Amino acid sequence: MWQPPTFDWSLNQVHRALQIEVDSWYQAKSSAFSTVVGTKSYALPSDWRKPIAVWYLSGETRTMLKHIDRILHIVYFPDDTEQSEPEAYHIHGGASMVLDKTPSKVLTMNREYYALLPDYVAGTDSDLISTDFELGLIFGACYLLSIQLGIWDSAQRFKQLHDERKMEFLKQHRAHDEGAPDRPIVPAALGLMPVKRVILPGS
């Protein structure tokens, strides 16, 4: 028997879609791990969606690793046995981060990434409406619910409100990140340290 969709279901459908569509500081998280000598592959956080920056400290320098795809990994780093300080990384199967080159010593790798945030749960998330992103979620959920229930006039109005809030959020987000598309989320004390960015031939 058909059951009408609930507001919670609609809200989370819109939430998932917006997260995939919009890369935002709202979703930015960080984690760190220690390398093991001779080990290239390390598990990703369970909520990983896509990378912002990967870096490590070496003496007084913060080294930013280059993000490459698996094909370029084969081109630039054909010898998996070669050990040195890592210069790049690629994502394998959506579950692991593979460092290139293979670490020759223990390093603390810092990962900044966009997370796939958990669904809202009825009865536990009570402070939802506070930003344009969250208002967009509310109006988007109302739009989706109206479509499912066949309330077409309301659906069009809620879609308009949803689009307005989403555009306002995107405008604020771009202003927030202007000039720093891959800025790492680092402690303030590191802000003045020299930065080494790995540049691969032809990249």
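Which strand holds the place of H90? H90 sits in strand β7, which covers residues 88-92. Helices and strands here are DSSP runs, numbered from the N terminus: H or I over at least four residues for a helix, E over at least two for a strand.

A word on the model before we go on. This is a predicted model, in which local features need pLDDT of at least 70 and side-chain atom pairs count only at pLDDT 80 or more, while totals for chains, interfaces and linings use all residues. Residues are numbered from 1 along each chain as its sequence is written, and side-chain values use heavy atoms, with hydrogens and water left out.

**The sheet around β7**

Let us start with the strands. An open sheet of 4 strands runs in the order β2-β8-β7-β5, and its pairing is mixed. At the edges are β2 (41-43) and β5, each of which pairs on one side only. Two strands count as paired if DSSP finds at least two bridges between them.

On one side, β7 pairs with β5 (residues 66-67) in the parallel sense, over 2 bridges. Here K66 stands opposite A88, and H67 stands opposite Y89. β7 also pairs with β8 (residues 96-100), in the antiparallel sense and over 5 bridges. One of the partnerships between these two strands joins H92 to S96 in β8. β7 and β8 form a hairpin with 3 residues between them, and G93 in the turn has a positive phi of about 65°.

**Three buried residues**

Buried means under 20% relative accessible area, exposed means over 50%, and partly exposed lies in between (1.4 Å probe, protein chains only). The table sets out three residues that count as buried.

| Residue | Place | Relative accessible area |
|---|---|---|
| H90 | β7 | 3% |
| S24 | loop between α1 (7-21) and β1 (28-34) | 0% |
| K101 | loop between β8 and β9 (102-103) | 18% |

Both H90 and K101 make polar contacts through their side chains. A polar contact is a pair of N or O atoms within 3.5 Å; within protein, one must be able to donate a hydrogen and the other to accept it, and residues adjacent in sequence count only if both atoms are side-chain atoms. For H90 the partner is the side chain of D100, at 3.3 Å. For K101 the partner is the side chain of E82, at 3.2 Å.

Contact, in turn, means heavy atoms within 4.5 Å. Leaving aside neighbours within four places in sequence, H90 is in contact with residues including H67, R70, H73 and M97. With that exclusion, K101 touches K40, F77, E82, S84, E85, P86 and E87.

As for S24, its C-alpha atom is 9.3 Å from that of F169, although the two residues are 145 apart along the chain.

**Nonpolar cores**

A nonpolar core is a set of buried Ala, Val, Leu, Ile, Met, Phe, Trp, Tyr and Cys residues joined through side-chain atoms within 4.5 Å. The largest one has 15 residues, and those touching the most other members are F33, V54, L65, Y89, M97, L99 and M109. β3 (48-58), β8 and β10 (108-115) each supply at least two residues of this core. Apart from it lies another core, of 8 residues, among them V14, Y120, L137 and C142.
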